[in-house]
Amino acid sequence: MSWLERYNRNKKTLIDANLYDPSQEHDACGVGFIASIDGIPNRRVVISGIEALKAVWHRGAVDADGKTGDGAGIHVEIPKLFFEEEVKKTGHEIMEGDLGIGMIFLPRNDYSALEKCRTIVESELLNHGYYIYGWRQVPLDTSVLGRKANSTRPEIEQVMFVNNIEREKEEDLDKELFFIRRKIEKRILNLQISEFYICSLSFNTVIYKGLFLAEHLSTFFPDLEDERFISSFSIFHQRYSTNTFPSWALAQPFRTLAHNGEINTISGNSNWMRNHETRIASELFAENSDQVKPIIIRGSSDSSALDAAFEMFVRAGRSAPLTKTLLLPEAWSKRSKLIPESHRNMYEFANAVIEPWDGPAAIAAYDGEWVIGGMDRNGLRPMRYTITDSNLIFAGSETGMVPVNEEEIVFKGKLGPGDIIGVNLREGKLYENFDLKDKLANEHPYHEWVKKVIRIDKQITSKKESSLFDSQNLRQRKIAAGYTMEELELILHPMVEEAKEAIGSMGDDTPIAILSDKYRPLSHFFRQKFSQVTNPPIDSIREQSRMSLKTRFGNLRDVLDSNSYQDSVFVMDSPVVSNSIFNKMLKFGKDEAVTIDCCFPITNITLKEKIKSIQDEAEAAVLSGKQHIILTDINANNENVSVPMILATAAVHSSLTRKGIRSFISLHVQSAECLDTHYFAVLIGVGATTVNPYLAQECIRERHEKGLFGNYSYEECVGRFKKAVDQGLLKIMAKLGISVVSAYRGGFNFEVVGLSRSMVNEYFIGVQSRISGIGLSGIEYKIKELHRYAFSGDVATLPIGGIYRYRNGGEAHAYDGKLIHLLQTAVSKNSYDMFKTYSESHKNFSPINIRDLLEFKSNHNSKNINDVESITSIRKRFGSGSMSHGSLSKEAHETLAVAMNRIGGSSCSGEGGESIERSVTRENGDNANSRVKQVASGRFGVTAEYLNNCEEIEIKVAQGAKPGEGGQLPGFKVTAEIAKLRHSTIGVTLISPPPHHDIYSIEDLAQLIFDLKQINPKARVCVKLVASSGIGTIAAGVAKAKADVILISGHNGGTGASPQTSVKYAGIPWEMGLTEVNQVLTLNGLRQNVVLRTDGGIKTGRDVAIAALMGAEEFNLGTTSLVAMGCIMVRQCHSNTCPVGVCTQDDDLRERFSGTADKVVNLFSFIAEEVREIIAELGFTKLEEIIGRTDLLSQISRGSSHLDDLDLNSLLIQAEKDPEVKYFNHTGINDAGTTLDEKIILDAVKFFETGQKIELNYSVKNTDRTIGSKLSSFIYNKFKNSKINDDQITLNLTGSAGQSLGAFAVKGLTLKVEGDANDYVGKSLSGGKIVLRPDKHSKINSKDNTILGNTCMYGATSGYLYAAGHAGERFAVRNSGATTVVEGCGSNGCEYMTGGNVIILGLTGDNFGAGMTGGMAFVYDLDKKFRYRVNEETLVYQGIQSNYWENVLKSFINDHYNETNSLHAKKIIDNWESEVSKFIQICPKEIMNSLVEPLVEETKEKKAT
Amino acid sequence: MAKMLKFIDLPQAYPDKEDAKLRKQKFKEIYEGYIKNKAVEQSSRCSQCGVPYCTVHCPLHNHIPDWLKLAAEDRLEEAYELSASTNNMPEVCGRICPQDRLCEGNCVIEQSGHGAVTIGSVEKYITDSAFENNWIKPIKLSAQQIRKESIGIIGAGPAGLAAAEQLRKQGYEIEVYDRYDRAGGLLIYGIPSFKLEKEIVQRRTKYLEDSGIKFHFNIEIGKDLTFEEIKSKHDSVLIATGVYKAKTINTGKDFSNVIPALDFLIASNKKGLGDEVPLFDSGKLNAEGKDVVVIGGGDTAMDCVRTSIRQKAKSVKCLYRRDKENMPGSAREVLNAEEEGVEFLWKSAPKDFIGNDKVSEIICSRMQLSEPDASGRQLPEIIEGADYKITADIVITALGFDPEDIPKMFGVEELKVTKWGTLRTEFKSMMTDIDGVFAAGDIVRGASLVVWGIRDGRDVAESIHSFIQAKNESLKKVS
């Protein structure tokens, strides 16, 4: 069987079994454009595009065959001369009229299909009256293709035609061709021919693309080598995709744009486009509009969907810059001081008509007139540009991609968040960011238009909230809505009291909703989606200025029609509406509103019938011209039960969306069940415009009347609750990288665990429900049961609850009280019998986890246990999980490490560094060094030393308890010891960002892995992910990024502190994630390249064995290890009050710690022994033999009788393995590739021999990445025990240095660059020095130009960086000790910084110092607007007010001048007296008291006197 | 708003205990109630555990952390409602449960050395406050709630009363039969007032009467009323008679001053209630001025020694085979007894009783404890030749209780007993061998704690309710 056949068969098997969904695939890439600013076509533009692709190969991925790339391509003007020659070759004379070229992929292996396609293309072109010259077989050099790419290669041909029609008026030819293309595509799709794809069909431009490595573009397409190939612009793209199925059509550029990044809002955007397209298409094509619908073709990648939307706007006559502004607006609503009013008006208009497409996105686009580069609001992708005196602009993901003579360069810049740059090729003019936006803002009278947007918050206000129900009625309603005491006390109360979500700790050990025998609200079946690896989550707290809950509603009319719609657009600041406002809103719009009662008689009609009638009523309302639909369950009473409002909302939203009429109305939901933030998120996510939680508010009233909220008025309490919900919603959106609620709404950004597949298909568009589960009839049974109970009579108290903590009569918890004690006794007495009792008891529990529905089955004869591999060898596969010293006490953390080292397993440092003393073996022979060192988003304590004292490095991308969120170590846990490890200040809160700021995308992860493999070439690199649907493709991307281990965490992993709803509702069981990863990696031939590890609630040998059968080779037991050491699940880790000293930094409590390494060793020995027994029983002798053998499992329970079905087939299905490959045998370390350092290390042989000072010179390109890191590893290992001076080894580099210059560079190493550098300079700098300055011959002025990329000095702990020029976005994020001087920086500078000194001799971007809790910064505030750019939440800032600090600043600037010769610095020093007043000093509030000298001198003097 | 988790800084504080010198003068509870601030403060020490071991090890699985939190927030009425939702007499449990072996003993912060939350005292405080503030309202059934079925309950002890209340809430007609003249069983007659003042029990009984439960006192089944009569009168019958037959000790002869503990305690309690008790007045059951020897180490023995002290005995000695660590009774009670002047003769067992019709001296053997056996229990062994003698005017035997022969007493052959003499019931349904006849409490379980009696009463109530519903269903189907 050929590779392709097996691939296709496997893929189909996995898709059919609901294990794999191709729509989950992701990509990211390198992108850019080149243009001649005067608009004159020239050859250099094309050549440079080809060159640029050769310099970004590292941003793409290569398949196992070493040749199949993920795709690359170029978009250029049609070179008329060239093609006219080609036309002549066909025997035609050149006719009058425009020459059109269609670049088309045709089915290669099916001749009849190919002919059909050609015929359809021809007939459509002819139908429009074009003349066809003929087909040209595009010359190809297929020798550069890999096996996979070649076996799927289409026939690549160009159709050449001419527009020779006599036209009365000038037609928009590209619009015509767009229409033709859509018709062709539709006709061919109807023939079920899938290999057909039109790359481009145009009179202007042509796109060459395919599945080769980027560097082979012009080899594969020899056309491009032809000198006649000239163009005024070129857009180029290199793709890195998580899927490995070679898809030629998904290569970029697309018809209008090329995109680097990811569209986080894709699912909401696609759904809303279905609503918008109804009106747009009819405007464009009148009665033919059906021919172009749907605009976004099902199964498109996110980039191609964005392209489709973008193209539609362009074809409808919007310029590319305006389209970019509509689709990817900059953040504006909270930045009124920085954005001119005219711009804000334009954005407000955009906000009122269409949902933004949230990136991360850097795009390059062309509309026939403009070529532009643009960035989405968060600016998470790099785009650098260079302008030459020869009238060229080069823009792209990296600087230095196209070698340009330094003397030729007049400007080097970058695009920041929301920025845009464009060349109008017709005008021959370049517009930079501000000018271009200004031009756009002045094109229309936006200020007039926005006047008609009605701001509800101003129109409707309320000072008085009233009461709705008496106490008896309220109690019944509470019970009927499923409220429990726990929910009111533990969830609702803190939301009012703290105005924040409630915090909890440890993992979720209750049954997944579908396995529970209790009533579980529908929201419990929805799992929040989150970003990992392929796109970053956002920090909704520190970066709130870019986020918005602005909710617009009313009839949205046509998004293209600029004149007629604004009169009915309402805007409010949040979708959460209090009772009084809701009532007023009802009155305000009562003529346009329809209220639909979602309650129905408990007897005589069914839930299904009721939902149908709700849908019908809603549809009728739209058709009758209403603008607001109110869905309410407020009429529930003794006889009438409510449809779960999630279901009602989704049913209405999806039926209206399917009909394309959802945007005509807004959907307001009044829900009793809605209480926690997750429920709000689900309601909005399934389509609610606004939500009124009337019953939760009534509970607040009741509690307020009891006096439980101190001095707050009832209205204040409601406001605080609303604030907590708002924050929670932002967090849930931020988790998947969505900034704006309008793009989240109706996006169904959930996956569902345990709902019937058919019901989900019916009501929840695009949502996955892999294992099916409860359907309408089951839900009906449950709600009616609860309803009868609630109204049965006098129920005095609410049910106690027990979801979050064990309560008798509530949910089962897998960590059961008695079993915890049993396990603790077993490990302390070393009694395997007791352990077996413990293990058996778990087995006899009612099901909690999916695995509890499975049982072993084997047709082998059992083996004698003595023949099975020993516990010693099995124990090596075990780990104790990744828990930091910071959450755990020192004693507990070290005990775990000692135990794991004794048995050859692994313990992990967790985030937060580890004391170097622990690397020394103790006198008794024990070693407390963690074998695995973690690199997490905060980079706390990540130094060259830390990374060189381990055997494995774990990149924690997400954590099971709170995927998509960062952590926070509250100040009271930051003891002297912790502060030292984390390079921070005692008692000062530490924040870990949600994303790694050097991983916004899959190619960034590859870069980080590359970096880590340089700093410790001997360590395995592990990437820790959290189970979610689609994780298979993510893991494929991670495997391609050369990770050695992939860890799949279940949703039930533990945490030291996290919002309760995060612990509960994000992530899915590892059983689902692990099986998907194992099978998708097998499908793609990548499984043998990695080790799979899993964790999350593993408690017994049986759990381990099932994980092995599902594909895991290694296993972590975090919580269970803690229990063995004495943890009794008090769940107060976040309070620092752990009574048993496990999870606390309190000295007294730590003394209570009674854990020992012996206990932990016993635990793992018992588990290994139990695993042995299972292996023997299954008839094998080695664990290795059962890995991935899901055929040895069978489903023994299908859940309760009221379920539709619970189908675990998707977990048990297997992809057929390649017989030629050996699996589960990955022992070595994947080679990530070599660097310049290999050469440097050889050249520095003298230095290593003698330690004497040396200097070495090299010229570098952007492909020379991570310079100095491997060298640093050598230096560390050579000199770790001796002191080394600064500047002991100096590298003089010229050119554009690649990413991660000087990452982890150690003391003694100095890197001096003449030229510039890309992203991640000085990442985790560990004592080294980096100096950058423009080329000696450069004409540019350092203070105006960009010299560094994004995220430089991220997590630096010590050392120096001096750069004569601007840095990119996120400069010095989480710096904890390094000193740096630059001459300007992008947004989010010094975010989360905890130490060190940062001096910015120029402008900063906004949100400066967000979450900064340590260190000191100085900014040269030239335009006096710094105060609008600083995020002052944790900071004080002021002019320099003390001699001491003035001298400190001056000496830093002097150093900068000495290192870089910056003229700007010199000017400041020379005019110090006048210049010093322009500086602002920025200092975190929390460290004010521990400064060496106070900020203001006078106070000190006063004290003295 | 009170914050919880204060155990780190706030030490444990039980309510004040009256000085031994004073308290031994009277039959009054020895602990003060908490004042409000103290109760709030002590409640706030709770760690609010994820797995509340106090609940896990409470036979009633009371939602202890939750009502501690409510109490700490001064939400007493809610605290009471919650506490009462799992317990029919929290004020009793708060006073007499051996918390040191149950909730408080398993309290996580106790285990980690911080001293338990004073759960019992808070529980008592909550319910007493509820009574004082009139939050406890008799059960009022609406017309729809009232059921026509009636349940007969034999025995007005903890199990019978708990079942009665639970079933009444479901709307049943309830009639309770007891051989004594007051409701409460051991609560009223067995437990001395210095642990549980009788007003407390009577307050609870009154609540039940006000709730519409009918009591018939001084009725001995099989004598005053046949079992058949009761059975035919009610749709279901519960037997909850407790265990009353004292375990005896072989004294060789029939001595008139060797008294079973219960006789002694009942006499004292009746006296305290103002009843006529001739045997007390005659001095037979009165310890005043006597050398008292109590044999046994359980809670009943403690009640006897401390009652004797209060009756102004000349001396009070307690004889127990094992040592202090291994005694079954509550350590807290031993301490109270010691404070009040009881002399404990640990590792001592009576070997011989000397005297004519009255014992005057006891020869005691000294014991030692063997190495722990497989179950960890150490067996007492006699040390040969180490005997000693003590004098006694009155000997009280507190060696535990055995069930009476209910089938015989009731004259119902169909009732079956276990080898221990307890009534045999089906494990899950708690039904005896007679359809519709249930049994619960000590008569099934053997002598046990009050809290277990309540638990059994609640469980059996649920079972009876299911039984009646199932019966109605099947009737409906037939018709």
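Mentor: A cavity is a set of points, on a 1 Å grid over the protein atoms alone, where a 1.4 Å probe fits but cannot get out; its lining residues have an atom within 4 Å of a point. This is a predicted model: local features need pLDDT of at least 70, side-chain atom pairs count only at pLDDT 80 or more, and totals for chains, interfaces and linings use all residues. Residues are numbered from 1 along each chain as its sequence is written, chains are lettered from A and ligands numbered from 1 in written order, and side-chain values use heavy atoms, with hydrogens and water left out.

Trainee: How many residues line the second largest cavity?

Mentor: The cavity holds about 220 Å³ (the space filled by probe spheres set on the points, which are joined across faces, edges and corners). Ala480(A), Ala481(A), Asp633(A), Ser642(A) and Glu673(A) lie nearest its centre. The lining as a whole numbers 17 residues.

Trainee: Which elements of chain A each supply at least two residues of that lining?

Mentor: By class, the lining has twelve nonpolar, two polar and three charged residues (Ala, Val, Leu, Ile, Met, Phe, Trp, Tyr, Cys and Pro are nonpolar; Asp, Glu, Lys and Arg charged; the others, Gly among them, polar). Helices (H or I, at least four residues) and strands (E, at least two) are DSSP runs, numbered from the N terminus. Those that supply at least two lining residues each are α15, β25, α21 and α25 of chain A.

Trainee: Are Glu780(A) and Lys784(A) in α25(A) buried or exposed?

Mentor: The two sit four residues apart in α25(A), about one turn of the helix. They form a salt bridge, closest N and O atoms 2.8 Å apart (a side-chain nitrogen of Lys or Arg within 4 Å of a carboxyl oxygen of Asp or Glu). Glu780(A) has 13% relative accessibility and Lys784(A) 11%. Under 20% is buried, over 50% exposed and in between partly exposed (1.4 Å probe, protein chains only), so both count as buried.

Trainee: How far apart in sequence are the parts that Asp275(B) and Arg182(B) tie together?

Mentor: Asp275(B) and Arg182(B) form a salt bridge at 2.8 Å. Asp275(B) is in the loop between α14 and α15 of chain B, and Arg182(B) in the loop between β2 and α11, so the parts they tie together are separated by 93 residues.

Trainee: Which helix of chain B holds Glu333(B)?

Mentor: Arg306(B) and Glu333(B) meet in a salt bridge, 2.5 Å from N to O. Both are buried. Arg306(B) lies in α16(B), and its partner Glu333(B) in α17(B).

Trainee: Why is strand β10(A) described as largely enclosed?

Mentor: Both faces are covered: Ala361(A), Ile363(A) and Ala365(A) on one side, Ala362(A), Ala364(A) and Tyr366(A) on the other. The strand is largely enclosed because its buried residues number six of six.

Trainee: Which residue in the turn between β10(A) and β11(A) has a positive phi?

Mentor: Strands pair if DSSP finds at least two bridges between them. β10(A) runs antiparallel to β9(A), with five bridges, and antiparallel to β11(A), also with five. Tyr366(A) stands opposite Val371(A) in β11(A). β10(A) and β11(A) form a hairpin with three residues between them, and the turn residue with a phi of about 105° is Gly368(A).

Trainee: What distance separates the end C-alpha atoms of helix α19(A)?

Mentor: α19(A) has 13 of its 14 residues buried. The expected span is 1.5 Å times one less than the number of residues. That gives 20 Å for α19(A), which agrees with its end-to-end C-alpha distance of 20 Å.

Notes: On a 1 Å grid over the protein atoms alone, a cavity is a set of points where a 1.4 Å probe fits but cannot get out, and a pocket is an open set with protein on both sides within 12 Å along at least five of seven lines; lining residues have an atom within 4 Å of a point.
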